[in-house]
Amino acid sequence: MNTDLRYLHLLSNTYPTVADAASEIINLEAILNLPKGTEHFLADIHGEHEAFIHILKNASGNIKRKVSEIFGNTIRESEKKELCTLIYYPEQKLELIKAGEEDLDDWYRITIHQLVRVCRDVSSKYTRSKVRKNLPEEFSYIIEELLHESTEDQDKAAYVAVIVNTIISTGRADDFIVAICNVIQRLAIDQLHILGDIFDRGPGAHIILDTLRQYHSWDIQWGNHDILWMGAAAGNDACICNVLRLSLRYANMATLEEGYGINLVPLATFALETYGDDPCEEFEPKLLKDEGKFDDKTRHLIAKMHKAISILQFKAEAQIFHRRPEWQMEDRSLIENIDFEAQTCIVDGVKYSMKSCQFPTISADNPSQFTPEEADLMRKLHHSFRVSEKLRKHIRTILSHGCMYTICNQNLLFHASIPLNEDGTLKEVAIMGQQYSGRELLEVIGQTIRSAFQNDTPADQKAYAKDYFLYLWCGKDSPLFDKSKMATFERYFLTDKETYHEEKGNYFKLRDSAEVCDRILDAFEVKGPNRHIINGHVPIHVSKGENPIKAGGRLMVIDGGFSEAYHKETGIAGYTLVYHSRGFQLVQHEPFTSARDAIMRGTDIKSTTQIVEMSAHRMLVADTDKGGELRTQICELKDLLYAYRHGIIKEKRI
């Protein structure tokens, strides 16, 4: 008997008799032999809530595939499409069908039987107990009966028919269809992994997080854009300015104003007063979806607001860089290198011409100091972020479901990179005077991030943690950035495009090497013959022939450009990596039109599936991390049985 006796006494409270312990062993042994649940991996969603929600609803095309397999040639393609759309958007699709269907009861009867068949298929890899837990309370018994009764059995056919007919005759057909469609969606994805960057560019990061808060099982590995918003919520003024700048750059104020109630009126007022005569041409917003969304007056206002917040950002960043000289980022305080008369700026010791030099709020004597008006504006913006209850709630959600990395079923997940030396060895990075690398580095970063939100953190540590969000956003050795610099200032103001270049870190230069990937996996103690690194962050240029599978299959990069800003660059609109019981499949998505088109015309995201790695045998729960936990539980329960049978522990009841 290997289990601690004190633990066995505690375990006996849950399993008080031999029969209870033996029953649980039988149950766990059975679960070990079920097929592995399906994991979905998504990265770099960037506020594209409609595409994200649709992919959750269609399980990256998995539901469509199952409908095709189940019904084959027995129903028309148009009927399969209608059935899929109903599963994805049951409430909306029902309204359309009821408006045009002549024999509604007959449609209900056929459709309910079809939905039960699909539900039976997606639930087949789970225990009855797990399926039962995922059923809506009001229809739990009915769905369970339908799932486990066959119409091919003549004795049961009438029984099933009566259940379906009674659902219809009692006026509950709509509610039942909505319920079973939601169950199908829920069971089609067992675990969802978000590899960072929910925020920025697209209009609906807040909607994505509202969706995730209700989702049954998910985790997130924080991305650089998530960290930026976390920093803003923690009160880092430079992060607040960056968040506002990016929102204005992509003319996406919906997340700020509608999602989080951030008041932009003070910024608009300040921008008009300060830059009223400045055309701010470099700051015209990137209008992605609807070029006619804003009139000229509104577009010019956004450009002025964009410039105003950019200048505040450069000042706020410079103040932090000077406060943290150990970061060695003071050379990025470029507003201090401007020659206003010559209209030039010195970058890395070289003098460059500027596109424009209209900076009414920058003092030549102290360029990084806020004017009284800027300081007042910064206080108002800071207050607006700090008092947003919904933003606080969403950041708490990201903290509770996330970390810098996770290891799941022999897969190492992180958003961007692991800092490396030129020879591919792990690079040591300083945090508060201590050196860390690899796994320890990511763990200390995670602890530092959390300390910014904890009331019991010592004041000096909390101040550092709050500043550190900026380093994670744009620091050279940040595992969420890992470039030589962030050339924001250069892109806005310098004419020489060579200054825009951002040299990628060694991880991105060396990640095609199987040896380097193995070294990283070893450092994180990822075991097994089929171990992988999975990350996003850098869009894969499919249109240029770039392959998302690297290092002989050890690394999978799944940022295919969810955001519309990347569609022309990547040639696609995102990836989903699916890991089911037979192996890995990479689903490549084309741009999504809209949920309205999906409902009205049955359009779906067109997806191409690439088989990445298939297993020689169908993987079972026994082959997963969960399987390891269950085997441990079984050993402990066997020790409890031994203790009962040898009188070491007495049964609680007989």
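User: Hi! Leaving out residues up to four places away in sequence, which residues does isoleucine 87 touch?

Analyst: Happy to help. This is a predicted model, and in it isoleucine 87 touches Ile63, Val67, Leu115, Val118, Cys181, Ile184 and Gln185.

User: And which residues have the most contacts inside the largest nonpolar core?

Analyst: Ile87 is one of them, together with Leu192, Ile449 and Phe489. That core has 184 residues. Apart from it lies another core, of 19 residues, including Leu8, Ile31, Leu32 and Leu641.

User: Is there some general background to that?

Analyst: Yes: nonpolar side chains tend to be buried together in soluble globular proteins.

User: OK, new topic. What is the volume of the second largest pocket?

Analyst: About 740 Å³. Its lining has 28 residues, and the closest to the pocket centre are Ile31, Lys130, Asp190, Val621 and Lys626.

User: Which elements give two or more residues to that lining?

Analyst: They are helix 2 (18-32), helix 8 (128-133), strand 2 (191-194) and helix 27 (625-645). Helix 27 provides the largest share, five residues.

User: How do the lining residues divide into nonpolar, polar and charged?

Analyst: Eight are nonpolar, eleven are polar and nine are charged.

User: Let's look at leucine 104. Where is its place?

Analyst: Leucine 104 is in helix 7, which covers residues 104-122.

User: Why is leucine 104 called partly exposed and not buried?

Analyst: Because its relative accessible area is 21%, while buried means under 20%.

User: Which residues is it in contact with, beyond its neighbours within four places in sequence?

Analyst: Leucine 104 is in contact with Ile97 and Lys98. As for isoleucine 168, which is 64 residues apart from leucine 104 along the chain, the C-alpha atoms of the two are separated by 9.6 Å.

User: Last one, the open sheet of three strands. What is the strand order?

Analyst: The order is 4-5-6, and the pairing is antiparallel.

User: Which strands stand at the edges, and why is one side of each without a neighbour?

Analyst: Strand 4 (338-339) and strand 6 (350-353) are at the edges; each has a single partner strand, so one side of each has no neighbour in the sheet.

User: How many bridges join strand 5 to strand 6?

Analyst: Four, with strand 5 spanning residues 344-347 and the two strands running antiparallel. To pick a residue pair, cysteine 345 has tyrosine 352 in strand 6 as its bridge partner.

User: And what do strands of a sheet pair through?

Analyst: Backbone hydrogen bonds, in either a parallel or an antiparallel way.

Definitions and conventions. Residues are numbered from 1 along each chain as its sequence is written. This is a predicted model: local features need pLDDT of at least 70, side-chain atom pairs count only at pLDDT 80 or more; totals for chains, interfaces and linings use all residues. Side-chain values use heavy atoms; hydrogens and water are left out. On a 1 Å grid over the protein atoms alone, a cavity is a set of points where a 1.4 Å probe fits but cannot get out, and a pocket is an open set with protein on both sides within 12 Å along at least five of seven lines; lining residues have an atom within 4 Å of a point. Grid points are joined across faces, edges and corners, and a volume is the space filled by probe spheres set on the points. Ala, Val, Leu, Ile, Met, Phe, Trp, Tyr, Cys and Pro count as nonpolar, Asp, Glu, Lys and Arg as charged, and the others, Gly among them, as polar. A nonpolar core is a set of buried Ala, Val, Leu, Ile, Met, Phe, Trp, Tyr and Cys residues joined through side-chain atoms within 4.5 Å. Buried means under 20% relative accessible area, exposed over 50%, partly exposed in between (1.4 Å probe, protein chains only). Contact means heavy atoms within 4.5 Å. Two strands pair if DSSP finds at least two bridges between them.
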